[in-house]
Amino acid sequence: MPSLSEADRRAALHLARTAVIEAVSHRKLPDTFPREGIFAEHRGVFVTLHVGKRLQGCIGVIEAKDPLGEAIVRCAASAALDDPRFAPMKPEQLAGLSVEISLLSILEPILHESIEIGRHGLLIRLHAQRGLLLPQVAIEHRLTREQFLEETCRKAGLPREAWRDPEAQLFGFTCEVFSESASREGV
C-alpha cells in the first residue's frame with residue numbers, strides 16, 4: 001500500500017472536514033467529490049472525529065464500493081451524525097473538531113499469535129456477526145493481544161472468547177493513519 005503524499009493527506013483531511021461542516025450545519029453532503037489520483041481508488045477508509053479530546057464518532061467502509069473521495073465524504077458525514085454510540089454533532093461543536101483518517105490495507109487472514117499490537121487492525125467474523133477495531137485502538141487503550149481480540153469480539157456483539165471458536169474468521173490489516181493535529185504540528 002503506497003503512502004499518500006502530504007498534499008493528498010491535507011486534501012483528504014480538508015475533504016472530510018468540509019463534509020462534516022456541511023452535514024452538521026446544513027444537513028447535506030458536498031455536491032462534488034475529487035475523482036482523480038488517490039481519490040479515484042477504491043480503498044477501505046475510516047473517518048474518526050474528536051471534539052476536544054473526546055471521541056465523537058468513527059464510521060468507515062472495509063471494502064469500498066465507491067471511489068475514495070466519495071467514501072471519505074460519506075464516512076465523515078456519518079461519523080458526525082449517524083454513529084449510534086454518540087448524539088449527532090451540533091454546530092457549536094465544530095470549533096473543537098479534529099479529524100483523523102485511517103486508510104486500510106487489504107484484509108488478510110491472520111493467526112492470533114501473529115497479531116502485532118499497534119501494527120494490525122482486526123476484523124472478526126463468526127456466522128453473520130462481525131466486528132472491526134483499528135490498530136490505534138489497541139495502543140490508545142493499552143490492550144494486550146488477547147484483550148484486543150476480546151474487544152474485537154465484543155464490538156461484533158460476540159462473547160469475548162469467540163475468537164477461539166474454530167468457525168471464527170480472523171483478518172488483519174494495516175492502516176495509514178493521519179490527522180489534522182499531526183498536520184498542524186508539522187506547520
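## Long-range contacts and overall build

Among contacts between residues at least 6 apart in sequence, 73% join residues at least 24 apart. The model behind this value is predicted. The chain has five helices and eight strands. Along the sequence they run α-β-β-α-β-β-β-β-α-α-β-β-α.

For 187 residues, a compact globule would have a radius of gyration near 16 Å; the chain has 17 Å, so the two agree. Along the principal axes, the C-alpha atoms fill a box of roughly 45 × 35 × 35 Å. Buried residues account for 50% of the 187. The accessible surface is about 10,000 Å², and carbon and sulfur atoms hold 52% of that.

## Two nonpolar cores

In soluble globular proteins, nonpolar side chains tend to be buried together. Here the largest nonpolar core has 33 residues. V20, L49, I72, M89 and I101 have the most contacts inside it. Four elements give two or more residues to this core: α1 (6-26), β1 (45-51), α2 (68-81) and β3 (97-104). The largest share, ten residues, comes from α2.

Another core lies apart from this one. It has 29 residues, among them C58, L104, I110 and C153.

## Strands β1 and β3

L49 shows how the larger core is joined up. Beyond its neighbours within four places in sequence, L49 is in contact with V20, A76, A79, A80 and M89, among others. Its contacts also include R54, L55, Q56 and G57. L97, S98 and V99 are on the list as well.

V45 is in strand β1. Its relative accessible area is 0%, so V45 is buried. Outside its neighbours within four places, V45 touches I59, G60 and V61, then L68, A71, I72 and C75, and then I101, S102, L103 and L104. V45 and I101 are 56 residues apart in sequence, yet their C-alpha atoms are 7.1 Å apart.

S98 lies in strand β3. At 16% relative accessibility, under the 20% cut-off, S98 counts as buried. With neighbours within four places left aside, S98 is in contact with R17, T48, L49, H50, E180 and S181.

## Helix α1

The 21 residues of α1 should span 30 Å at 1.5 Å a residue. The end C-alpha atoms are 29 Å apart, which agrees. An α-helix has 3.6 residues a turn, so residues three or four places apart point the same way. The buried residues of α1 are R9, A12, L13, L15, A16, R17, A19, V20, E22, A23 and V24. After α1 comes R27, with a positive phi near 55 degrees.

## Helix α4

In α4, the buried residues are F148, L149, E150, E151, T152 and C153. Their cover includes β5, β6, α3 and β7 (169-173).

R154 also belongs to helix α4. At 51% relative accessibility, R154 counts as exposed, because the cut-off is over 50%. R154 and P84 are 70 residues apart in sequence and 16 Å apart in space, C-alpha to C-alpha. Just after α4, G157 has a positive phi of about 80 degrees.

## Positive phi in two loops

H127 is not a glycine, yet its phi is positive, about 55 degrees. H127 sits in the loop between β5 (121-126) and β6 (129-133). Its relative accessibility is 60%, so H127 counts as exposed.

R142 is another residue other than glycine with a positive phi, near 50 degrees. The loop between α3 (135-140) and α4 (145-155) holds R142. With a relative accessible area of 75%, R142 is exposed.

## Cysteines

A disulfide is a covalent bond between the sulfur atoms of two cysteines. How many disulfides does the count give? The count comes to zero, with sulfur atoms required to lie within 2.5 Å. For C58, the nearest cysteine sulfur is that of C75, 8.9 Å away, and C58 is in no disulfide. C175 is in no disulfide either; the nearest cysteine sulfur, that of C58, is 9.7 Å away. C175 has a relative accessible area of 19%, so this residue is buried.

Note on methods
Residues are numbered from 1 along each chain as its sequence is written. Side-chain values use heavy atoms; hydrogens and water are left out. A nonpolar core is a set of buried Ala, Val, Leu, Ile, Met, Phe, Trp, Tyr and Cys residues joined through side-chain atoms within 4.5 Å. Buried means under 20% relative accessible area, exposed over 50%, partly exposed in between (1.4 Å probe, protein chains only). Contact means heavy atoms within 4.5 Å. The expected span of a helix is 1.5 Å times one less than its number of residues. The radius of gyration is taken over C-alpha atoms; the globule rule is 2.2 Å times the number of residues to the power 0.38. Accessible areas come from the Shrake-Rupley method with a 1.4 Å probe; for residues, only the protein chains shown count as cover.
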